[in-house]
Amino acid sequence: MVGASFPDLFRHQAWADSALLATVHAHPQSLADDTVLKALRHILRVQRVFLARFHGGSGDEVRELPPEFGTMVALWRTTHQEQIAFVEGLAEADFARTFPMPALAIHPTFAEGLTQVILHSQNHRGQCLTRLRENGAAPPRLDYILWIKDRPAPSYPEIG
């Protein structure tokens with residue numbers, strides 16, 4: 001593969017999502033902001049639906065997510081671990097395999113689906129960063145180019 005690898009993109013995504021979650025958790029106004037929480041649940045739901053579809057499931061089991069922030073953070077951590085393990089386990093030929101997306105009446109390849117997950121999540125993280133700024137928080141810098149310097153691991157907020 002030329003350019004960034006899918007495992008690297010998913011490792012970056014885990015780091016970026018965890019940094020966003022930590023910032024939201026540390027900022028009470030954002031932690032109580034329905035717009036932010038709705039976007040976070042949406043990102044997580046889509047990541048989980050695609051993961052289920054990649055494994056041959058329907059994704060229907062992902063309709064409802066826990067409303068509690070701490071429970072949601074735990075599910076993010078699990079989702080990231082599962083995504084990275086899945087992507088690292090793919091052989092080159094697997095990227096051309098297809099999976100059904102009945103709601104769209106298409107059968108994208110795994111490579112197309114993985115790209116969708118990355119781009120979709122990035123888009124909604126950007127919306128959350130804007131909302132954090134509007135709430136008076138200092139949004140984290142989540143750029144891929146900054147991540148590649150040290151490739152930090154995710155750092156999820158400690159919810160206690």
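**Exercise 1. How many aromatic pairs does a search of the whole structure find?** Pick one pair, and work out its geometry and what it links.

*Solution.* Keep in mind that this is a predicted model.

- Step 1: Run the search over the whole structure, and 9 aromatic pairs turn up.
- Step 2: Take phenylalanine 54 and phenylalanine 99, whose ring centres are 5.0 Å apart with 75 degrees between the planes. Planes over 60 degrees apart count as edge-to-face, and that is the label this pair gets.
- Step 3: Place the two rings in the chain. Phenylalanine 54 sits in helix α3 and phenylalanine 99 in the loop between α4 and α5, so the pair ties together parts 45 residues apart in sequence.
- Step 4: Check accessibility against the cut-off for buried, under 20%. Phenylalanine 54 has a relative accessible area of 6%, so it is buried. Phenylalanine 99 has 2%, so it is buried too.
- Step 5: Look at the wider group. Phe50, Phe54, Phe86, Phe99 and Phe110 make up one aromatic cluster.

**Exercise 2. Describe the overall fold and check its radius of gyration against the globule rule.**

*Solution.*

- Step 1: List the secondary structure. The protein has 6 helices and 0 strands, which gives the order α-α-α-α-α-α from the N terminus on.
- Step 2: Get the dimensions. Along the principal axes, the C-alpha atoms fill a box of roughly 45 × 35 × 25 Å.
- Step 3: Compare with the rule. A compact globule of 160 residues would have a radius of gyration near 15 Å, and the protein has 16 Å, so the two agree.
- Step 4: Add the burial figure. Of the 160 residues, 48% count as buried.

**Exercise 3. Which residues line the largest cavity, and which helices supply them?**

*Solution.*

- Step 1: Count the cavities. The structure holds 1 cavity of 30 Å³ or more, and the largest cavity contains about 40 Å³ of space.
- Step 2: Name the lining. Phe10, Gln47, Phe50, Leu51, Phe54, Gln83, Phe86, Val87, Leu114 and Val117 surround the space.
- Step 3: Assign the lining to helices. At least two residues each come from α3 (34–54), α4 (69–88) and α5 (110–134). The largest share, 4 residues, belongs to α3.
- Step 4: Sort by class. The lining has 8 nonpolar and 2 polar residues, and no charged ones.
- Step 5: Cross-check with Exercise 1. Phe50, Phe54 and Phe86 are among the lining residues, and these three are also members of the aromatic cluster.

**Exercise 4. Characterise the largest pocket: what is its volume, and how does its lining divide by class?**

*Solution.*

- Step 1: Start with the volume, which is about 370 Å³ for the largest pocket.
- Step 2: Turn to the lining. There are 20 residues in it, with Val49, Phe50, Arg53, Met101 and Ala103 nearest the pocket's centre.
- Step 3: Ask which elements give two or more residues, and you get α3 and α5. The biggest contribution is from α3, with 5 residues.
- Step 4: Split the lining by class into 10 nonpolar, 5 polar and 5 charged residues. Set that beside the cavity lining, where no residue is charged.

**Exercise 5. How many salt bridges are there, and are the partners in three of them buried or exposed?**

*Solution.*

- Step 1: Count them up, and you reach 8 salt bridges.
- Step 2: Begin with aspartate 8 and arginine 151, whose side chains meet at 3.1 Å, N to O. This pair links distant parts of the chain: aspartate 8 is in helix α1 (residues 6–26) and arginine 151 in the segment after α6 (144–150), 143 residues apart. Aspartate 8 is buried at 14% relative accessible area, while arginine 151 is partly exposed at 41%.
- Step 3: Move to aspartate 94 and arginine 97, which meet at 3.3 Å, N to O. Aspartate 94 is buried at 17%, and arginine 97 is partly exposed at 41%.
- Step 4: Finish with arginine 131 and glutamate 134, whose closest N and O atoms are 3.2 Å apart. Arginine 131, at 28%, is partly exposed; glutamate 134, at 53%, is exposed. Both lie in helix α5, 3 residues apart, or about one turn of the helix.
- Step 5: Look for shared partners. Asp8, Arg11, Glu88 and Arg151 are joined into one network by salt bridges that share partners.

How values were computed
Residues numbered from 1 in each chain as written. Predicted model: local features only at pLDDT ≥ 70, side-chain atom pairs only at ≥ 80, totals over all residues. Heavy atoms only, no water. 1 Å grid on protein atoms, 1.4 Å probe; cavity = no way out; pocket = protein on both sides within 12 Å on 5 of 7 lines; lining within 4 Å. Points joined across faces, edges and corners; volume = space filled by probe spheres on them. Nonpolar A, V, L, I, M, F, W, Y, C, P; charged D, E, K, R; others polar. Salt bridge = Lys/Arg side-chain N within 4 Å of Asp/Glu carboxyl O. Buried < 20%, exposed > 50% of the residue type's maximum accessible area, 1.4 Å probe, protein only. Phe/Tyr/Trp six-rings, centres within 6.5 Å; stacked < 30°, edge-to-face > 60°. Rg over C-alpha atoms; globule rule 2.2 N^0.38 Å.
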